[in-house]
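Trainee: I am new to this structure and would like a close look at a single part, the sheets of chain A and what surrounds them. Could you take me through it slowly, in one connected account?

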Amino acid sequence: MSIHISNISKSYKNVKALQDISFDVNAGELFGLIGPDGAGKTTLFRILTTLLIANEGTATVAGFNVVSDYKNIRNSVGYMPGKFSLYQDLTVEENLEFFATIFGTTIEENYELIKDIYVQIEPFKARRAGKLSGGMKQKLALCCALIHKPKVLFLDEPTTGVDPVSRKEFWDMLKRLQQKNITILVSTPYMDEAALCDRIALIQDGKILEIDTPEAIVKHYPKPIYNVSANNMYQLINSLNAYKHNHSVYPFGEFVHYTDNRTDFNPEDLKVYLESKNLSNINIDKTVATIEDTFMELAK
Amino acid sequence: MKNNNVIQVEGLTKMFGDFTAVNAITFEVKKGEIFGFLGANGAGKTTAMKMLIGISNPTSGKANVAGFDVFTHAEDIKKSIGYMSQKFALYHDLTVKENITFFGGIYGLSRKRIKEKSAILIEELGLEKVANKLVGALPLGWKQKLSFSVSMIHDPKIVFLDEPTGGVDPITRRQFWEMIYKAANQGTTVFVTTHYMDEAEYCDRVSIMVNGKIEALDTPKQLKAQFEVDNMNDVFLKLARG
């Protein structure tokens with residue numbers, strides 16, 4: 001089953017949350033909506049899960065129209081909203097039973113689907129959900145979103161605020177779910193997670209910047225990028241920002257990603273300049289663009 | 001005791017009933033350092049930070065922050081540090097100017113000083129056009145940068161940042177870190193927690209908590225060498241997975 005979005009726009013008073021958004025998600029795809037806070041991700045999710053009505057445009061989920069067939073959609077999708085939204089004062093087990101019941105099913109019926117995830121929190125099944133750590137809350141919320149075997153899963157920033165280990169485990173779980181033929185639309189501000197999706201849409205300020213596979217998007221990066229490092233990161237950033245030929249200067253961990261304005265850029269010139277700024281241990285090496293580089297270039 | 005350490009912690013412990021959230025941690029942070037305080041969810045980071053900023057009483061151990069003992073001078077600590085977290089930073093229903101005035105007042109700045117600082121902050125952050133707008137209407141990235149500046153309005157020796165860049169766009173994240181570098185360069189010590197492992201690389205030293213204990217503490221470079229990996233994300237995975 002798939003998602004079809006056609007010219008969707010939504011405004012809140014003066015704020016244009018979504019502007020003329022169109023794209024499709026294929027059945028069984030793991031599709032990433034990548035963008036920072038305020039990009040419009042949550043607004044789009046709410047429209048697709050029938051919680052909000054768009055000002056313009058149409059959309060279908062699993063073949064059902066989000067406005068006229070909203071009841072059918074609500075039965076066949078799983079939704080994990082941005083903030084933890086389960087019942088804090090019910091236990092893990094009680095939450096799961098609650099959601100199974102309101103979807104007219106039982107935990108046992110679809111247990112196979114959630115088993116891999118649930119076994120990790122099962123030792124805590126008598127603990128109140130409010131007392132779980134961030135990573136465990138995410139796992140529980142995912143189980144509750146899957147308990148009725150949805151055809152499409154909407155995950156709105158499921159890993160924000162969660163540590164890297166739990167994030168990695170979460171994405172491993174998503175990959176396994178995908179193999180059970182569930183279409184997954186997930187949003188995230190973490191650019192490294194984008195690389196794990198089949199296709200991604202980069203979104204900022206209500207507009208789609210680009211849609212493609214992660215590999216193709218990265219190939220579109222227009223310039224050569226260099227990893228630059230020196231003995232002092234702060235002085236390095238300042239010096240590069242002051243260099244008149246710079247096109248972009250972005251710290252990336254232990255390096256700075258640098259691109260130059262000139263087509264005939266020679267790294268040696270840059271090295272000489274940096275040495276004149278009293279930097280030492282200078283290294284300038286070509287590197288490949290990441291999704292984050294591409295995002296920042298498109299968002300400029 | 002004159003030394004270069006603005007934070008000194010020895011055997012610091014916090015127990016809730018039978019459960020040991022923070023288990024006898026020991027470390028120190030030097031003046032002007034950017035110190036990364038990392039750990040998985042549930043490792044005890046937030047509990048430890050709460051003790052250091054004077055809002056939670058330790059069960060046992062010793063800690064000195066900005067020259068004050070956390071047991072006996074918690075109120076003095078609060079006056080000498082800055083604090084910013086994702087969950088609470090500024091009042092959404094006050095304007096930019098009103099927030100600056102409010103926090104300036106709380107930290108005991110004179111009216112004159114508040115006026116000066118207000119003008120400086122608004123200009124540095126390019127907020128002239130929105131100075132009289134409600135903070136709630138600002139994009140997240142602007143709020144975070146303003147929060148950070150406001151947390152330092154009283155020129156504290158140390159600023160504690162609790163996941164300051166969560167969800168913020170990649171460009172603003174980096175602008176934020178340039179602000180951190182600038183502050184550290186001017187002698188402010190920065191104690192920061194983050195889940196972005198590339199940000200861990202910007203720190204002078206990083207500590208990683210696992211199950212209430214500090215299991216690693218070193219420069220990013222040394223940690224990567226120690227665990228034989230080339231990035232902090234892999235250091236974290238190796239350590240936190242046990």
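**The sheets of chain A and their surroundings**

Mentor: A good place to begin is strand E1 (residues 3-12) of chain A, which is joined to E2(A) by 7 bridges, the two strands running antiparallel. Within this pair, A:Ile3 has A:Val25 of E2(A) standing opposite. Please keep in mind throughout that this is a predicted model.

The pair belongs to an open sheet of 4 strands, ordered E2-E1-E4-E5 (chain A), in which the pairing is antiparallel. At its edges stand strand E2 (15-25) and strand E5 (64-65) of chain A, each of which pairs on one side only. As general background, the strands of a sheet pair through backbone hydrogen bonds, and they may do so in a parallel or an antiparallel way.

Inside this sheet it is worth pausing at one residue, A:Thr60, which lies in strand E4 (residues 56-61) of chain A. A:Thr60 has 20 other C-beta atoms within 10 Å, and it therefore counts as buried. Setting aside residues up to four places away in sequence, A:Thr60 touches A:His4, A:Asn65 and A:Val66. A:Thr60 can also be related to A:Asp24, since the C-alpha atoms of these two residues are 9.6 Å apart in space while the residues are 36 apart in sequence.

A further set of pairings in chain A brings in a parallel partner: strand E3 (residues 30-34) of chain A pairs with E9(A) in the parallel sense, over 4 bridges, and here A:Leu33 stands opposite A:Ala201 in E9(A). E9(A) is also joined to E10(A), this time by 5 bridges and with the strands running antiparallel, and in that pair A:Ile203 faces A:Ile208 of E10(A). The hairpin of E9(A) and E10(A) has 2 residues between the strands, and in it A:Asp205 takes a positive phi near 50°.

These last two strands lead on to the domains of the chain, for the domain assignment of chain A gives domain 1 (3-219) and domain 2 (225-299). The centres of domain 1 and domain 2 of chain A, taken over C-alpha atoms, are separated by 37 Å. Where the domains meet, 11 residues come from domain 1 of chain A and 8 residues from domain 2 of chain A. On the side of domain 1 of chain A that touches domain 2 of chain A, the elements giving two or more residues are helix H7 (191-194), strand E9 (199-204), strand E10 (207-212) and helix H8 (214-219) of chain A. Among these, H8(A) gives the most, with 3 residues. Sorted by class, that side of domain 1 of chain A has 9 nonpolar, 1 polar and 1 charged residues.

From here we can turn to the interior. In general, nonpolar side chains in soluble globular proteins tend to be buried together. In this model the largest nonpolar core has 152 residues, of which A:Leu140, A:Cys143, A:Phe154, A:Ile184 and B:Val190 touch the most other members. Helix H5 (residues 134-146) of chain A gives the most to this core, with 8 residues. Domain 1 (3-219) and domain 2 (225-299) of chain A both contribute residues to the core, so it lies between them. As for A:Phe154, its contacts, leaving aside neighbours within four places in sequence, are A:Phe45, A:Leu48, A:Thr49, A:Val77, A:Gly78, A:Tyr79, A:Met80 and A:Leu185.

Finally, chain A can be set beside chain B, since the contact between them takes 28 residues from chain A and 29 residues from chain B. On the chain B side of this contact, helix H6 (170-185), helix H7 (197-200) and helix H9 (232-240) of chain B each supply at least two residues, and the largest share, 7 residues, comes from H6(B). By class, the side of chain B that touches chain A has 14 nonpolar, 8 polar and 7 charged residues. Chain B also has an open sheet of 4 strands, in the order E2-E1-E4-E5 (chain B) and with antiparallel pairing. Its edges are formed by strand E2 (19-30) and strand E5 (68-69) of chain B, each with a single partner strand, so one side of each has no neighbour in the sheet. Strand E4 (residues 60-65) of chain B pairs with E5(B) in the antiparallel sense over 2 bridges, with B:Val65 standing opposite B:Phe68 in E5(B).

Notes. Residues are numbered from 1 along each chain as its sequence is written. Chains are lettered from A and ligands numbered from 1 in the order in which they are written. This is a predicted model: local features need pLDDT of at least 70, side-chain atom pairs count only at pLDDT 80 or more; totals for chains, interfaces and linings use all residues. Two residues are in contact if their C-beta atoms, placed from the backbone, lie within 7 Å. Ala, Val, Leu, Ile, Met, Phe, Trp, Tyr, Cys and Pro count as nonpolar, Asp, Glu, Lys and Arg as charged, and the others, Gly among them, as polar. Two strands pair if DSSP finds at least two bridges between them. Domain bounds come from an automatic or database domain assignment. A nonpolar core is a set of buried Ala, Val, Leu, Ile, Met, Phe, Trp, Tyr and Cys residues joined through C-beta atoms within 7 Å. A residue is buried if 20 or more other C-beta atoms lie within 10 Å of its own, exposed if 12 or fewer, and partly exposed in between; C-beta atoms are placed from the backbone.
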